[in-house]
There are 2 protein chains.
Amino acid sequence: MTHATADQLDGVSQHTPPARVELSFQPGGQRVRVPPGVTLFDAASWNGIAIDSTCGGHGTCKKCKVRIIEGSAPVSPLDARAFSPDELRGGWRLACRAVAEGDAQVEVPPLVTRPKAATVGVGRQVILRPAAQKRYLELTEPSLADQQTDIERVLAALDDLELRVDLAVLRGLGQRLRAADFKVTAVIVDDVLIDVQAGDTTDRLLGIAFDLGTTTVVATLLDLSTGTPLAVSSMLNKQQPFGADVITRISATMLDPAALDTMSTLAHETLAELAAEVCAQAGAQPAEVAEVAVAGNATMTHIALGIDPEPLGVAPFIMAARELPEVLATDLDLPVHPRARTFMFPAFGAYVGGDITAGLLASGMNRDARTRLFIDIGTNCEIVLGNRDWLLATAAPAGPAFEGAAIRCGMRAADGAIEGVSITPDGLMLTVIGDREPAGLCGSGLVDAVAGLVKAGLLDHSGRLVPDDLAAELAPAIAPRLTMLGAERVFVLHWLGEPGDVAASVYLSQRDIRELQFAKAAIATGWHVLLDEAGLAAGDIQQVLLAGSFGSYLSPASAIALGLVPRLPVLRVVSAGNVAGEGAKMALLSMRERAAALALLGEVRYVELSDRDGFNDAFVDQLRFPD
Amino acid sequence: MTHATADQLDGVSQHTPPARVELSFQPGGQRVRVPPGVTLFDAASWNGIAIDSTCGGHGTCKKCKVRIIEGSAPVSPLDARAFSPDELRGGWRLACRAVAEGDAQVEVPPLVTRPKAATVGVGRQVILRPAAQKRYLELTEPSLADQQTDIERVLAALDDLELRVDLAVLRGLGQRLRAADFKVTAVIVDDVLIDVQAGDTTDRLLGIAFDLGTTTVVATLLDLSTGTPLAVSSMLNKQQPFGADVITRISATMLDPAALDTMSTLAHETLAELAAEVCAQAGAQPAEVAEVAVAGNATMTHIALGIDPEPLGVAPFIMAARELPEVLATDLDLPVHPRARTFMFPAFGAYVGGDITAGLLASGMNRDARTRLFIDIGTNCEIVLGNRDWLLATAAPAGPAFEGAAIRCGMRAADGAIEGVSITPDGLMLTVIGDREPAGLCGSGLVDAVAGLVKAGLLDHSGRLVPDDLAAELAPAIAPRLTMLGAERVFVLHWLGEPGDVAASVYLSQRDIRELQFAKAAIATGWHVLLDEAGLAAGDIQQVLLAGSFGSYLSPASAIALGLVPRLPVLRVVSAGNVAGEGAKMALLSMRERAAALALLGEVRYVELSDRDGFNDAFVDQLRFPD
C-alpha cells in the first residue's frame, strides 16, 4: 500500500501542490511539513507540539522561545528585544515571529506550565487554551502621583497580551473599578477586552458550540476552563418551512425579497432558544457565555448573517466570503454576554462549507499521515481526500434520497423508521428505530435494502429488479416480496394492513432504487475524480470516514457493497459521528485548533465537478452497482 | 537666547526625558530626533519628509523603500520578500518596518508620484493622504473556472492594502457586484473596507471635522480629495443648560444618574444638526461622508461617547482612556455613511484633552525647533511648553472670569460686548462688538481694562484700585470714573441710563478685578511651573501662542502687561486661532498628521499642579500684577 507524497503528486496532477518545507522539532523528533512562510509557532501548534505562550502567538508575551539547531530563520525586530546578541547568534528566536523559509531543526524548551487538555472530536486530545479567558486583577488605586487612565491601568496588568478594547467596556469602567476597590476580572476573547467585571469571576467562563445544520441545530454549552460539556440540546432549524434543503432555501430568497430577513431571524431564534436552553439546563447565566462557535454550511452561514445567498445557488456558485470578518454574538441576536464574540468556521466553497472545515478539524484529516477519504452524506455530499501533506475537496449533488424525501416509503430517521435491513437465506431481518412497527424507510435502511438485494441477486448491476422466475430461483425465501404496484416493480419490506395490500406496505420501488442509484453515482463520481486528481487508486485509501448525521448511521458493509464508498476491507470504513459539532467545540477550547481550522483554507484545494470534462461519462459509469 | 536640549534638561529636571536617536534623511539632509523603536517611515512622516507609500505604513504596499547609508536597522521578515540579498546587504529596507535603534543616515528615493498638499492650521502644508479613500475597480466576472469569493475578488484588486471588512459590507455585496457588472468603487477608511458602491463614485469623498467645544461646536465639511473646505457651520453645544463649564456638566452626572444619557444625546444632536447643515450647504449627500474627526476636551469626549465623566471631576482626576478604542460614526448617532468611522483625538490628561492635542498638531509644537509656549485660555486653561525635542503640559483652573460669568457686568463676546479698552491721557476708548451701545464686558475687554488701569496707575500691583486723590493726580481725565457702588469701589467704563447711575452703567468692580487676578495667577503659575520643570527662564521662550476662542481675541500687549503671559517683545505673542478645529481637519486630510497626533501622546509629559510642593506659594506670588 502506498500513498502519494507531494512530490509524487507533482508528476500525476495538473495542479502543482504548494511547496513545503520540513521542520523537525527536538527533543521529540516530530517532523512536520508546512508551506514556507508559516511561523514555527503555528507549524508546531498545528501538529500538536506545545510551545510555551500566553498570548497565543501575537508576539507580546515573549514566552515562545525556541532555538534553530539546523537551518535558519531571519531575526525579527522582536527577537532583538527578547534576546542578547549572543543568544541570537546561538539561533534563539521567538517561535511566533520566526518564519520557516527552508528545512530546519528546531529545539523546543520544556513547557514551564503543563497545559491542561481535553478529549474532543474523534478521540483527539486538545490542549486547553481557549480564545476566551479571564484574569483576576488587583490594581493599585490611582492618586495624584499616579494618574494612569482607567483602561491603561487595566491593560498594564495584562501586558503579556496586546489587546483591543471594545468602546462599550469604557462606558461603565470608571464606576465599576471604584465600586470594586480596583479588584476586577478582565474578560478577554482573542485580542479584545470585552468586559471588566467587579471582583473575582474567574471560576465561570463558558462558551457555546453550535452545529448549525440545514435540518437540525445542536448546541453544546462548554466550561471553557475545564473543557467539560455542561449541557447539550438540539432542535429542528426553524427555517424548515422554507424547504428541506439548501437549494429550496436559496430559491425562497430569490422568489421573495423578504424571505432572507425572515429566515435570518428564524436562524437567530433557533440559536437563541438553544442558547437559553443549555444555559437553563446547566444553571448558568447567559451573560457568562463569552464566546460562541458556529459550524454550518455556506448557505446556513450566509443566511444567519443576513448575507444574500443567491450567488451560492446559481452557477458559478460564488460565496460572499470564505473566511468571515469579525462577527459578534449580537450579529446573531444571541442572548449571551452582550459583547461575546463569534467564531464562524470558514468555508472552502459554496458546497463545502464551514461544517466540513469543522469536520476535517475534528477528524484530524490535516494531521494524519494516512491517506483518508472523508464523506459527509446528505442532499449535498461533501467529499475530501488527502492526508497531512495535501487535501482535495469536492461536492456532489446527491439529491434527497438519503433524507427519505424522494423515496416512496421514505421517512426521516425517527421512531418507526427501518434503519437496517439484512437479507438472509431464510428471509428478511429489519432493525427499526424505537422498537416499533415499521412505518417507513430511512436512508441507512434504504442503502442496506438495496445492498442486500444486489447481494441476493434480486437487483442486477444495472439497478433493475430481476424477473420473478430468476428471483424465485436465487432467493426463494424472499422472492414473494417482489411484486407489482400499479405498473411498477416493488420489493415489500414489511406488510401493513390487509394481507397482500402492497400499497399499504413499507416497500422499495424500482423508482426508489433509481433515486439511490443516482445519489450513489454522484458520490462515487466525486471521490473517483478526487482519486484521479491525486493520481491514486481506491486501494491507496487507508480509511474512509463517514460523517454527518446520515453517514454515521450507514452500514459500512452496505456502503461498500453499493459502491457508495471504495471497495476496501470493511474495518477501514468507519463512522465519524457529528464531527462538525466536535470541531466547533475544539475551536472554542483551543486557539491552536482554531488557527488550524483557518489554516485549512490554504491547505485544501477545491475541485469543481460541474464544469469538468468527462464528468457525465464518469457519472454514467458509476450508476452501475459493483459486482 | 538659548533653549534647553534634551541633554541640558537631564541636568535640571527631576524627570529624565526619553532617550532619542538622530536620523538624517538624504538628499535633503533633514535631521530628526525620535525615540528609539520608531519606524523610519513614521520618523520621516512626522517631520514632513515624504516617503512613497499607498498603504500608509501597514507593510503591504512595499513602496516605502529606503537605504540605510550609515548606521543600521534590522532586516524584517517583509524585507526578505521585498529585496534581494544583495539589496539587503546594500542597506535597503522597507521604511515602515525598519526600526530606528541608533543614529542613522537614510537615503529616501524621489517620490514616484508627487503627492497633493493643502494648507491647513497655522500655515501648515499638509500632504494629502486621507485615511479615507476610494478606488474604482473593474473586476472580471466569476466563472466555474474562477470561483473566487465576492469579497476576495474585491480585495485582490486592492492588494496593496491589508484590509479588514465590515460584516455589513458582505450583506449586499453579491447583488451589488452583479447589478453593476462588477464595476464598483471600494470605500476604505484606515484599514477597513466600509463599502462597495455600484459604478464609479470616486469623484465624491467627504469628511467632517468637528471642534466639539464646551460652549460652541464647529463643523467643517471637507472634500478629502482636494483638501478644500466645502462648508462650515457652528452652534452652541446643546448641553449648555447643564452648565457653562465642564465641572458643572460633570457635577450634573453625579447628581442625576440620567444626566449622562441626556447630555450624551444632546451632544449627538448638536453634531448631527451641524453635519446635516454643512452637507445641505454644500449640496452633498450625508452618505458621502466616509469619516469624521472630533477634537474635544476630555469631558466633552467622554460624555459624547457615553463614558461616565465622574472620575475626571474629582481628585485624582482620572480619564477612562487617553487614546480611545475604535469609534464608529454610529457611536455618535451621526447621520453620515452608516459605516463611516470616527477619529477621536487622544487626550494627555483629564484637563489637557483632545482639543489640545489637535491644537498642538495644528500649531506644529512638536516639529518646531523654537521653544514655544502654547496657552489655551478658558475656564480651564491648558498650557504646553516645549519644542520638537520635548513637550511639557499642564492645566490651570482659571475659573470663569474670561467667560464673563463671575464678572458683574460680564457677558459673552457677543454684540454689545466691550472687547477692547484703551486708556489714554484724554480718556477712554472702547471697542464694541457689533458697533452697538456697550452692554457689558467680555473677557478680552476685561483684560484690556485691567491692564489699562494698571498702566495708568489706577490699580496698584497688589490689585487694589487706588484712592481717589491719587487717581486724580495720576489720570485726571478718567479719575471721575472711579467711584463707589454700595460698599465696593468700581470703575465705570460706560455710563448708561441716568447720569451718575452707577448701578445701570457698565463698570468694573474691585471684586471683578480680584476674579481676574485669581485667573491670571493660576495661568501664570502654570507656565512658571513648566519653565521650572524645564530649567528655563521666561526669556528662553521664543514664541507664545494664544489659542482657543478667547485667547485668539486677547490683546497680546494687555496679556503681557497683566503677566498673563511672560514678559516678551509683543511680536512674540501671537494669536493662533481655532487650532483645535484646524487639527481636526489635518487629521482627516492626512494619515501622517494623524499618526503624529497619536505620537504626541508619547512626546508630551503631563505635569499635575494640584499636588505640587510650593504650588500655593507660587500662586500667591503670581497674584501680583507686574511692574
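Between which two strands of chain B does the loop that holds B:P27 lie? The legends below, drawn from a predicted model, begin with that view.

**Figure 1. The cis peptide bond before B:P27 in chain B.** B:P27 is placed in the loop that runs between β1 (21-26) and β2 (30-34) of chain B. The peptide bond that joins B:Q26 to B:P27 is cis, with omega about 5°. Most peptide bonds are trans.

**Figure 2. The cis peptide bond before A:P27 in chain A.** From A:Q26 to A:P27 the peptide bond is cis, and its omega is near 5°. A:P27 belongs to the loop between β1 (21-26) and β2 (30-34) of chain A.

**Figure 3. The contact between chain A and chain B.** Chain A contributes 45 residues to the contact, and chain B contributes 45 residues. Together the two chains bury about 3,800 Å², of which 62% is on carbon and sulfur atoms. Three residues, A:L144, A:L167 and A:R171, provide 16% of the area that chain A buries against chain B, more than any other three residues.

**Figure 4. Polar contacts and salt bridges across the interface of chain A and chain B.** Two salt bridges are found across this interface. In a salt bridge between chains, the side chain of A:E152 meets that of B:R322, with an N to O distance of 3.0 Å. The interface also holds 13 residue pairs in polar contact, both residues of each pair being at pLDDT 80 or more. On the side of chain A that touches chain B, α3 (77-82), α5 (150-156), β9 (164-165) and α6 (167-179) each supply at least two residues. The largest share of that side, six residues, is from α6(A). Sorted by class, the side of chain A that touches chain B comprises 23 nonpolar, eight polar and 14 charged residues.

**Figure 5. The positive phi of A:F182.** A:F182 is a residue other than glycine, yet its phi is positive, near 60°. Most residues other than glycine have a negative phi. A:F182 lies in the loop between α6 and β10 (183-189) of chain A. Its relative accessible area is 3%, under the 20% limit, and A:F182 therefore counts as buried.

**Figure 6. The positive phi of B:D190.** Although B:D190 is not a glycine, it has a positive phi of about 60°. The residue is in the loop between β10 (183-189) and β11 (192-198) of chain B. B:D190 has a relative accessibility of 33% and so counts as partly exposed.

**Figure 7. The surroundings of B:Q240 in chain B.** B:Q240 occupies the loop between β14 (228-236) and α7 (246-255) of chain B. Its side chain reaches the backbone oxygen of B:T215 at 3.5 Å. Leaving aside residues up to four places away in sequence, B:Q240 touches B:T214, B:T215, B:R249 and B:R412.

**Figure 8. Helix α12 of chain A and the glycine that follows.** Helix α12 (residues 443-456) of chain A has 14 residues. From its first C-alpha to its last, the helix reaches 20 Å, close to the 20 Å expected at 1.5 Å a residue. Because 13 of its 14 residues are buried, α12(A) is largely enclosed by the rest of the structure. Just after α12(A), A:G457 adopts a positive phi of about 90°.

How values were computed: Residues numbered from 1 in each chain as written. Chains lettered and ligands numbered in written order. Predicted model: local features only at pLDDT ≥ 70, side-chain atom pairs only at ≥ 80, totals over all residues. Heavy atoms only, no water. Helix = DSSP H or I, 4+ residues; strand = E, 2+ residues; numbered from the N terminus. Expected span 1.5 Å × (residues − 1). Buried < 20%, exposed > 50% of the residue type's maximum accessible area, 1.4 Å probe, protein only. Contact = heavy atoms within 4.5 Å. Buried area = accessible area lost by both parts, 1.4 Å probe. Salt bridge = Lys/Arg side-chain N within 4 Å of Asp/Glu carboxyl O. Polar contact = N/O pair within 3.5 Å; in protein donor to acceptor, adjacent residues only side chain to side chain. Nonpolar A, V, L, I, M, F, W, Y, C, P; charged D, E, K, R; others polar.
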